[in-house]
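Visitor: Can we go through this one? I'd like to start with the charged pairs and then look at some helix packing.
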Amino acid sequence: MWSGGYTNPMAPYFMAAKSAAANVPQPGEQGNYTEALFREDFPQFTKIMPSEEDGQELVIDLVPGKMLRNFIIQANESILPSRWGSMWQYAAGLYVAHFAALYLKTYSSGSGNAQQAAAGAEQIGVVKSATMGDTSISYDNNAITAGTEKWGAWNATQYGAQLITMARMVGMGGILVI
């Protein structure tokens, strides 16, 4: 028996290579994306207002703080710097922006009844046809349903589509040229 309790001296090296190749995060591995980085990278999710008291700008997040922090925690656990390299910060921001946009699509300060609350969550496709007299609009939802077959809700926002495009590049294997 070899040191470390292994019967093969190459076993520790194999296990290390297997872990890295499996793209499985190491225990405790996570990103460190922050609310400040998100505000800087994606200012469209903030509102800047001048403060009347001291003349300083007041930054107001359009996504409630608790939800924004939740999305950032998820991004830090899902978009790992060791896998994404130089694309990590932008990818983490896209992750947060995607879920923030989805959240805001259904956001309401309150609803009068259950139907109003549910109406904000309806999927709306691309306008297929529209008429003016007696107003008629029909939607083509095929793009939504076809897009969700492989990538779920990631196609529901431009942020998600960009993230998936980048993820495909990150997930590609190396190329051997002989």
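Guide: What follows covers salt bridges and then one helix pair, in a predicted model.

Visitor: How many salt bridges are there?
Guide: The count comes to three.

Visitor: Which residue does arginine 39 meet within helix H2?
Guide: Glutamate 35, at 3.1 Å from N to O. Both lie in H2 (residues 35–41), four residues apart, about one turn of the helix.

Visitor: And what does arginine 39 pair with in strand S2?
Guide: Aspartate 61, in a salt bridge of 2.8 Å, N to O. Arginine 39 is in H2 and aspartate 61 in S2 (residues 57–61), so the pair ties together parts 22 residues apart in sequence.

Visitor: Where does the other partner of glutamate 35 lie?
Guide: That partner is arginine 69, with the closest N and O atoms 3.9 Å apart. Arginine 69 lies in helix H3 (residues 65–78) and glutamate 35 in H2, so this pair links parts 34 residues apart in sequence. Through shared partners, Glu35, Arg39, Asp61 and Arg69 join into one network.

Visitor: What's the relative accessible area of arginine 69?
Guide: It is 42%, so arginine 69 is partly exposed. Arginine 39 is partly exposed at 27%, and glutamate 35 is partly exposed at 21%.

Visitor: Switching topic: at what angle do H5 and H8 pack?
Guide: About 145°, with their axes 8 Å apart. H5 passes H8 in a left-handed crossing.

Visitor: Which residues meet there?
Guide: From H5, they include Tyr90, Leu94 and His98; from H8, they include Tyr159, Leu163 and Met166. The contact has nine nonpolar residues, three polar and no charged.

Definitions and conventions: Residues numbered from 1 in each chain as written. Predicted model: local features only at pLDDT ≥ 70, side-chain atom pairs only at ≥ 80, totals over all residues. Heavy atoms only, no water. Axes fitted to C-alpha atoms, helices over the stretch in contact; angles between N-to-C directions. Helix = DSSP H or I, 4+ residues; strand = E, 2+ residues; numbered from the N terminus. Left-handed = near helix turned anticlockwise from the far one by under 90°. Contact = heavy atoms within 4.5 Å. Nonpolar A, V, L, I, M, F, W, Y, C, P; charged D, E, K, R; others polar. Salt bridge = Lys/Arg side-chain N within 4 Å of Asp/Glu carboxyl O. Buried < 20%, exposed > 50% of the residue type's maximum accessible area, 1.4 Å probe, protein only.
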